[in-house]
Amino acid sequence: MAEDDQIQLASIGLGWWGEMLATAARPVARISQVYARSKEARDEFAARHSAKSAPDLDSIWADSSIDGVLIATPHSVRAELVEAAAAAGKHIFVEKPLALTVAEAERCLTATRNANVVLQVGHNKRRQSAIRAIKTSIDAGEVGRIQAIETEISLPLVYKPDLPQWRQDAEHLPAGGMTPLGVHMIDTIQYLGGEISRVMAMITRVTDRLDLDDSTICLFELATGPLATLSTLIATGPVQTVTVFGTEQVLWAEHDGTRLYRQIRGSLDRVEVPLEPVDTLAEELAEFVSCIETGNRPETGGPEALSVVEVFEAILESADTGRAVSVGPGRTAR
C-alpha cells in the first residue's frame, strides 16, 4: 500500500469502459499508472487522471506501490494479464467476462488463489436497484416458488460509428451480444434463481452491418427446477428487462434495473415499486478496494465468474450441435 495509505491502482485497457472504471474508482483509490498499447491513448488517459503513463506492463508489475489493477482489455488477452498481475502480487478487478473459455477462467482462478490476491469480476448488473429488490423479495418468500425467469438485454452496437475494431471481430465476440451483454444476464439469472444446469441456444445473423452474429436466444434449465430464457441482440434498441414469475408475484425489472413493477397473483394490474438509485460501478469498485484492505472475498469473485463462463461455453456448444448441453465438468450434449 502507498505511504499515504490510499490504495493505488493501475488501469490496463483505456477505452470507453476503462475510463468508466477508473472514474468510478477515484473516490476510493488513486489511479497511479495507466497502460495501453497506444502511447497517445495512455498519455491522454494519464493526464485526465493525474497518473503516470507506463511505457510497458513490466513497469506496472515491478512497481511495489501499486496494490491492484483494473483490466478492461479485449476478452482474448484477459487470462494472460490476470496471470501476470497475480504473479506480481497485484489484486485484480477484471471486466466481464473473465475469459472466453472454461480452461482460461480456471487458469485465472488458479493463479489468483496461489498468489493469495483478490480476483473480482465486473458483473455489476446484479447490483441494480430493481435486481436487488427482486432478490430481497425472493429470499423473503414473497414471490413464492419461482416458475420462470425471462431476461432481455440488447443494444444497437452494430450501428455504433466508433465501435472498436476488436469488437467487430467474431473471434472476440462469439455469439454476437453474449460477451458484451448476455453474460450479465447469465450472472443475474443465477443470482436470482440458482445455477443453470442445462442449455439450449440458437445464434443467427439477421443484419449485414458487420461480420458478426447479431441475435442469440437461449433456454435454460435451472438446477432448482424453473426454466429461464435469455435474448441478446446487437442490432436493435437499448433494452434490459428481467422478469421473475413466481406463484405469488410477478416482478419486472426494467429501464436498466432502475424501475421495478409488481403484480400480485389474482390481480390484473402491475404496480410500480419505489427504488433508491444506485451507482453500480462505484459500488463494485468500492467493494474491490475494501477487499484489498480487509482480505474479504468479493461478491462476484472467481467462482461466480467461472460459473458464467461455463454457461457461456455450453451456449456455444449447443448452438453448434443443435442439442441441449449440460453445464459444468463432464457436460454432455443431448
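Q: Ala, Val, Leu, Ile, Met, Phe, Trp, Tyr, Cys and Pro count as nonpolar, Asp, Glu, Lys and Arg as charged, and the others, Gly among them, as polar. With that settled, how do the residues of the lining of the second largest pocket divide?
A: They split into eight nonpolar, seven polar and two charged. A pocket here is an open set of points on a 1 Å grid over the protein atoms alone, with protein on both sides within 12 Å along at least five of seven lines, whereas a cavity is a set where a 1.4 Å probe fits but cannot get out; lining residues have an atom within 4 Å of a point.

Q: Wait, what sort of model is this?
A: A predicted one, where local features need pLDDT of at least 70 and side-chain atom pairs count only at pLDDT 80 or more, while totals for chains, interfaces and linings use all residues. Residues are numbered from 1 along each chain as its sequence is written, and side-chain values use heavy atoms, leaving out hydrogens and water.

Q: Back to the pocket: what volume does the second largest one have?
A: About 310 Å³. That volume is the space filled by probe spheres set on the points, which are joined across faces, edges and corners.

Q: And which residues are closest to its centre?
A: Of the 17 that line this pocket, those are Thr112, Arg113, Val117, Val118 and Leu119. Helices H5 (102–115), H8 and H9 (302–321) each supply at least two lining residues, and H5 gives the largest share, three. Helices (H or I, at least four residues) and strands (E, at least two) are DSSP runs, numbered from the N terminus.

Q: New topic! Which residues of helix H1 are buried?
A: In H1 (residues 16–25), they are Trp17, Gly18, Leu21, Ala22, Ala24 and Ala25. Down the axis they fall within an arc of 165°, so they line one face of the helix. Buried means under 20% relative accessible area (exposed is over 50%, partly exposed in between; 1.4 Å probe, protein chains only), and the arc is that of the directions from the helix axis to the C-beta atoms.

Q: What covers them?
A: The cover of H1's buried residues includes strands E1 (8–12), E2 (30–35), E4 and E5, plus helices H2 (39–48) and H8 (280–294).

Q: In what order do the six strands form the open sheet?
A: E3-E2-E1-E4-E5-E6, with parallel pairing. E3 (52–53) and E6 stand at the edges with a single partner strand each, so one side of each has no neighbour in the sheet. Two strands pair if DSSP finds at least two bridges between them. Inside the sheet, E4 (68–71) and E5 (91–94) share four bridges, with isoleucine 71 partnering valine 94.

Q: Why is strand E11 described as largely enclosed?
A: Because six of the eight residues of E11 (239–246) are buried. E11 pairs antiparallel with E7 (146–154) over eight bridges, and alanine 148 has phenylalanine 245 as its bridge partner. E11 also forms a hairpin with E12, with two residues between them.

Q: Last one: is asparagine 124 buried or exposed?
A: Asparagine 124 is buried, with a relative accessible area of 6%. This residue sits in the loop between strand E6 (119–121) and helix H6 (129–139). Leaving aside neighbours within four places in sequence, asparagine 124 is in contact (heavy atoms within 4.5 Å) with His184, Thr280, Leu281 and Glu284.
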